[in-house]
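Hi everyone, thanks for coming. Today I'd like to walk you through one structure, and you are welcome to follow along on your own screens.

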Amino acid sequence: LAVIFQNNLKFFFGFGQSAEIDIRLDDASTRKCVATRVDDGTRQNLYLFYDGETIAGTVHVRLKKPNQKLDHNGIKIDFIGQIEVYFDRGTHHDFTYLSKDLAKPGELLQNTEYHFEFLNVEKPYESYVGANVKLRYFLRVTIARRLTDIVKEMDIVVHVLSTYPDTNNNCLHIEFEYNKSKYHVKDVIVGKIYFLLVRIKIKYMEIAILKREIVGSGTPANVFNETEVIAKYEIMDGAPVKGETIPIRLFLSGYDLTYRRYFKQQVRVFTSLMCLIKKLLFPRKFACALTLSDQFL
């Protein structure tokens, strides 16, 4: 009993054996990395995966104190897909959870490596960090101990390949013409605006990229909306006349754009034209027919 009490005191005050965990992917040298925004606002390069891809690698456990054993109650690795809503901190929804045991309860006497493999993993949603919600995928290694576990997490980024329907909107007899109906998020939008009929006085016209984030479902009290202006440019100053044409060239590569939809949230990026009409106290917005996607369609 005295020996057990002494060992517990060592663990409690940090004098006992501990270990460092490192997770390395088998294809780390060839797998693409994507710069992704993290919680503190900075950007971090994370490995990119797609739906259905296998995740395999090696877990390295290095003992901090040589010639001293590490007692544990088992070692495991989990692959988790998780949604966290910021206004409900502490509540997570795990929509994907896979687990593998790496070692049974016992002792570690030296540095050890464990290989793991999750075959053809389903990743139904895209990674996302927004103003109100975060969706992340990560690997988590846990060395279970009597008092405090040793945990190491490694985030990855998931992109989902999708197609989206065409849409068309015309307002005030204004016609939008573009060289394509769908654009890659790093593409260049090239087009023209035709004024077929003008019966109102327009002060100026701007083209803007707006990102709208909707979190929640049910009653309006449970739905949170966030709209962010990604970019805005003035393309016309003064009132146009019938038959006038305005060329448009908008480079998207400088912006972090995407189109994503989840079962509890919706994030949509769209290009819209905004006209400010004279004698009115508010600007009137007109949406054009464009679809932005993560892949060439």
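I'll begin with the whole chain, then go to one strand and its partners, and end with a single residue.

Before anything else, please keep in mind that this is a predicted model.

So, what does the secondary structure of the chain come to? We have 1 helix and 22 strands. The chain holds 297 residues, and 41% of them are buried. Next, think about contacts between residues with a separation of 6 or more: 70% of those contacts in the chain come from residues 24 or more positions apart. As for the surface, the chain exposes about 17100 Å², and 50% of that is supplied by carbon and sulfur atoms.

Now let's pick out one strand, β11, which covers residues 133-143. Why can we say that β11 is largely enclosed by the rest of the structure? Because 10 of its 11 residues are buried, and buried here means under 20% relative accessible area.

Who are the partners of β11? Let me take them in turn.

Strand β6, residues 75-85, pairs with β11 in the antiparallel sense, over 11 bridges. If you want a spot to look at, find Ile77: its bridge partner in β11 is Val141.

Then there is strand β10, made of residues 128-129, which also pairs with β11 in the antiparallel sense, this time over 2 bridges. Here you can find Val129 standing opposite Lys134 of β11. How many residues does the hairpin use to join β10 to β11? The chain goes through 3 residues there.

Moving on along the chain, β11 pairs with strand β12, residues 150-159, in the antiparallel sense over 7 bridges. Tyr137 is a good place to look, with Ile156 as its bridge partner in β12. These two strands, β11 and β12, form a hairpin too, with 6 residues between them.

While you have strands on the screen, here is a handy general point: in a regular strand, the side chains alternate between the two faces of the sheet.

Last stop: Ile230, which sits in strand β17, residues 224-237. Is Ile230 buried or partly exposed? Its relative accessible area is 21%, so Ile230 counts as partly exposed, given that buried means under 20%. You can also compare sequence and space here: Ile230 and Ala208 are 22 residues apart in sequence, while their C-alpha atoms are 7.5 Å apart.

That's my tour, and I'm happy to go back to any part of it.

Definitions and conventions: Residues numbered from 1 in each chain as written. Predicted model: local features only at pLDDT ≥ 70, side-chain atom pairs only at ≥ 80, totals over all residues. Heavy atoms only, no water. Helix = DSSP H or I, 4+ residues; strand = E, 2+ residues; numbered from the N terminus. Buried < 20%, exposed > 50% of the residue type's maximum accessible area, 1.4 Å probe, protein only. Contact = heavy atoms within 4.5 Å. Areas by Shrake-Rupley, 256 points an atom, 1.4 Å probe, with all protein chains shown as cover. Pairing = 2+ DSSP bridges.
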